[in-house]
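I set out to record how the aromatic residues, the nonpolar core and the strands of this model fit together. The entries below follow the order in which I looked things up.

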Amino acid sequence: MRLTGRFLLPALLLSCLMLPNLCFANGGTDFSNSGGTLSGTSASLSLTGSNLIAVSGFNGGGLTTGNLGSVTFSTGALASGSLTMGGAFAPGGTFEVDGNGTGGLPNGVLFSGTFSGSVTWTLSTLANGTHNYTLTGVVTGTMSGASVNGVSVQLTINTGKGFFNGSTTISGGDTTVASSVPEPSTLALFGTGIFALAGGLRRRLLDAR
């Protein structure tokens, strides 16, 4: 049985929910988002219009799914590399996860913070010549009145054979926060795991056409 594009994105996002366990052995809260527009220049990249679709572990609770709220952020300025070929953005900017009161979650800010380290903007060129971009960064902020640290990985829609031109759609993303800071090695593993899932998604979509 061949999976179609209709089922592949939900499968990718559900897989994202399992990856944070690699980074936080002591547990944490996981936020998954879908869609939205990533836009900007060398001054900053910002995400708007992304739906919060799953929350796990908030205030010790279980998994809640649905139309739960929104995820928005902005980065610092481009510190190295380029928007088209990949690079890194400086720490800073804002990162916010908001709930809409659905599924027992609060109606308001669930997590508010900033990028506390450099944000990597990675280009991957697939065998067919098309391109994916992945944004990965460590965040620090507050959740339920407590200070937390975490990591966010955001995947873009494949841009075809063209490069990022200042605006692209997000296919999905995952942000995990906890009281402990993720080790650099586990951060790399987290990003690589989700990026591999994104490549598999793209290949399956091409096969289904």
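**Entry 1. Aromatic cluster.** I looked for grouped aromatic rings in this predicted model and noted one cluster formed by F73, F95, F111 and F115. The count of aromatic pairs came to 7. I took F73 and F115 to begin with: their ring centres are 5.7 Å apart and their planes stand at 90 degrees, so I entered the pair as edge-to-face. F73 belongs to strand β4 and F115 to strand β8, so this pair ties together parts that lie 42 residues apart in sequence.

I then turned to F95 and F115. Their ring centres are 5.6 Å apart with the planes at 85 degrees, so this pair is edge-to-face. Here F95 sits in strand β7 and F115 in strand β8, and the pair links distant parts of the chain, 20 residues apart.

**Entry 2. Burial of the cluster.** Are F73, F95 and F115 buried or exposed? I applied the cut-off of under 20% relative accessible area for a buried residue. F73 has a value of 4% and is therefore buried. F115 has 3% and counts as buried. F95 has 1% and counts as buried.

**Entry 3. Nonpolar core.** I looked up the largest nonpolar core and found 29 residues in it. Those with the most contacts inside this core are F31, L45, L52, F95, V97, F111 and W121. At least two core residues come from each of the strands β3 (44–56), β4 (63–74), β7 (92–100), β8 (107–115), β9 (119–125), β10 (131–143) and β12. I noted beside this that in soluble globular proteins nonpolar side chains tend to be buried together.

**Entry 4. F111 and S112.** Which residues does F111 contact, leaving aside neighbours within four places in sequence? I listed F31, F95, E96, V97, V139, T140, G141, T142, M143, V148 and V177.

I next examined S112, which lies in strand β8. With a relative accessible area of 30%, S112 is partly exposed, because that class runs between the limits of 20% and 50%. Not counting residues up to four places away in sequence, S112 touches F95, E96, G141 and T142. I also checked S112 against M143: the two are 31 residues apart along the chain, and their C-alpha atoms are separated by 6.9 Å. I added a general remark that side chains in a regular strand alternate between the two faces of the sheet.

**Entry 5. Strand β12.** I closed with strand β12, which spans residues 167–178. This strand is mostly covered, with 10 of its 12 residues buried. Which strands pair with β12? I recorded three partners in turn.

- Strand β1 (residues 29–34) pairs with β12 in the antiparallel sense over 5 bridges; within this pairing, S32 has D174 as its bridge partner.
- Strand β2 (residues 37–41) runs antiparallel to β12 and is joined to it by 3 bridges; S39 stands opposite S167.
- Strand β11 (residues 146–156) is antiparallel to β12, with 8 bridges between them; V151 stands opposite T176.

I finally noted that β12 also appears among the strands that each supply at least two residues of the largest nonpolar core.

Notes
Residues are numbered from 1 along each chain as its sequence is written. This is a predicted model: local features need pLDDT of at least 70, side-chain atom pairs count only at pLDDT 80 or more; totals for chains, interfaces and linings use all residues. Side-chain values use heavy atoms; hydrogens and water are left out. Buried means under 20% relative accessible area, exposed over 50%, partly exposed in between (1.4 Å probe, protein chains only). Helices (H or I, at least four residues) and strands (E, at least two) are DSSP runs, numbered from the N terminus. Two strands pair if DSSP finds at least two bridges between them. A nonpolar core is a set of buried Ala, Val, Leu, Ile, Met, Phe, Trp, Tyr and Cys residues joined through side-chain atoms within 4.5 Å. Contact means heavy atoms within 4.5 Å. Rings of Phe, Tyr and Trp (its six-membered ring) pair if their centres lie within 6.5 Å; planes under 30 degrees apart count as stacked, over 60 as edge-to-face and the rest as tilted.
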